[in-house]
Amino acid sequence: MVSLIVLLSFYGFQVDGKVDRYAFNIVENGTSVNEQIEVDVEKQTEVIRVPQHNDVDAVEIMNDFEAGLSARRLPATKDCYVSKLDSSFPSPAKLKLDMDQASRQSLPDKVTTERIGWRMVGFADRSALPEKILDFCGSFPIYNVEAVPLDSMNVTLHRASGHGRRKRSHWIKTWDACSPQDKQKMNNCLMKHGTDFSKITLNCKYDTIYGYCVVRCTHMDFFDISYVCKGISHSYNYLGVLL
């Protein structure tokens with residue numbers, strides 16, 4: 001698990017035509033990061049831009065609610081990845097409301113961190129993608145990706161690219177797997193031979209890690225019209241996960 005210390009504050013806010021632009025500063029593990037969010041309620045799109053920092057790669061994310069798709073543009077690798085839109089992500093209207101409220105009040109120090117794995121499943125069919133996604137990805141190759149559930153109990157993530165080589169472990173001590181389903185399969189196998197699964201470490205390999213933050217705001221209660229920003233959602237995404 002990546003350690004995280006986040007201090008978040010807005011340093012600017014402006015409306016440019018029909019696109020609402022928000023800029024705020026995240027201090028993550030001592031590094032100042034300027035994250036930008038663009039919301040277009042009419043076109044039903046959201047764009048999140050996060051620069052490279054620490055061991056996290058730069059990323060630009062577009063959520064297209066009309067098409068039900070998300071695109072992730074990675075400048076470092078010059079690739080673009082498309083997946084189904086996460087239904088839990090706030091709509092453009094809700095995200096705009098949250099950002100408006102967050103710019104007017106003290107921001108929360110409560111941070112909820114989640115880890116999401118992504119696996120490439122092949123090239124995307126450009127003819128089937130909406131123009132907004134194609135324009136966003138530009139000349140980068142576009143791949144389809146799908147989410148891979150990560151077992152938060154006993155998983156170690158290893159970056160596949162970079163310098164050095166990971167030491168090879170004995171098969172009974174290391175098992176390359178990322179999901180709870182893989183853990184259960186291995187557990188069933190080991191139980192047949194009387195082996196204690198708690199001694200096994202699950203490993204995932206990935207090529208890229210990127211992250212972003214979103215402020216979450218809600219009504220205090222049913223009769224209260226005011227909004228209170230109670231938490232920050234911080235997402236770490238591991239792309240290119242191998243099972």
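Two strands are taken to pair if DSSP finds at least two bridges between them. In this predicted model, strand S8 (residues 111-123) and strand S9 meet that condition with 6 bridges, running in the antiparallel sense. Within this pairing, Met 120 stands opposite Val 145 of S9. Strand S9 (residues 142-148) also pairs with S7, here in the parallel sense and over 3 bridges. Cys 80 has Ile 142 as its bridge partner in S9.

Cys 80 is a good residue from which to turn to the disulfides, of which the model has 2. The sulfur atoms of Cys 80 and Cys 137 lie 2.1 Å apart and form a disulfide. This link is left-handed, with -60 degrees about the S-S bond. It connects distant parts of the chain, 57 residues apart: Cys 80 belongs to strand S7 (residues 79-84), and Cys 137 to helix H2 (residues 131-137). Both Cys 80 and Cys 137 are buried.

The other disulfide joins Cys 217 to Cys 229, again with an S to S distance of 2.1 Å. The torsion about its S-S bond is about 85 degrees, so the disulfide of Cys 217 and Cys 229 is right-handed. Because Cys 217 sits in strand S13 (residues 208-219) and Cys 229 in strand S14 (residues 227-239), the pair ties together parts 12 residues apart in sequence. Cys 217 is buried, at a relative accessible area of 1%, and Cys 229 counts as buried at 5%. Cys 213 is likewise buried, with a relative accessible area of 1%.

Aromatic contacts come next, with 4 aromatic pairs in the model. One of them is the stacked pair of Tyr 81 and Tyr 143, with 5.6 Å from centre to centre and 25 degrees between the planes. Tyr 81 lies in strand S7 and Tyr 143 in strand S9, so this pair ties together parts that are 62 residues apart in sequence. Both tyrosines, Tyr 81 and Tyr 143, are buried. Another pair, Phe 89 and Tyr 212, is tilted, at 6.2 Å centre to centre and 55 degrees between the planes. Here the partners are 123 residues apart, with Phe 89 in the loop between S7 and helix H1 (92-102) and Tyr 212 in strand S13. Phe 89 is buried, with 9% relative accessible area, and Tyr 212 is buried with 14%. Tyr 81 and Tyr 143 also join Phe 123 in one aromatic cluster.

Finally, charged groups sit over aromatic rings. Arg 72 lies over the face of Trp 118, 4.1 Å from the ring centre, while the charged end of Arg 73 sits over the ring of Phe 140, at 4.2 Å from its centre.

Definitions and conventions: Residues are numbered from 1 along each chain as its sequence is written. This is a predicted model: local features need pLDDT of at least 70, side-chain atom pairs count only at pLDDT 80 or more; totals for chains, interfaces and linings use all residues. Side-chain values use heavy atoms; hydrogens and water are left out. A disulfide is a pair of cysteine sulfur atoms within 2.5 Å. Helices (H or I, at least four residues) and strands (E, at least two) are DSSP runs, numbered from the N terminus. Buried means under 20% relative accessible area, exposed over 50%, partly exposed in between (1.4 Å probe, protein chains only). Rings of Phe, Tyr and Trp (its six-membered ring) pair if their centres lie within 6.5 Å; planes under 30 degrees apart count as stacked, over 60 as edge-to-face and the rest as tilted. A charge sits over a ring if NZ of Lys or CZ of Arg is within 6 Å of the ring centre and within 35 degrees of the ring normal.
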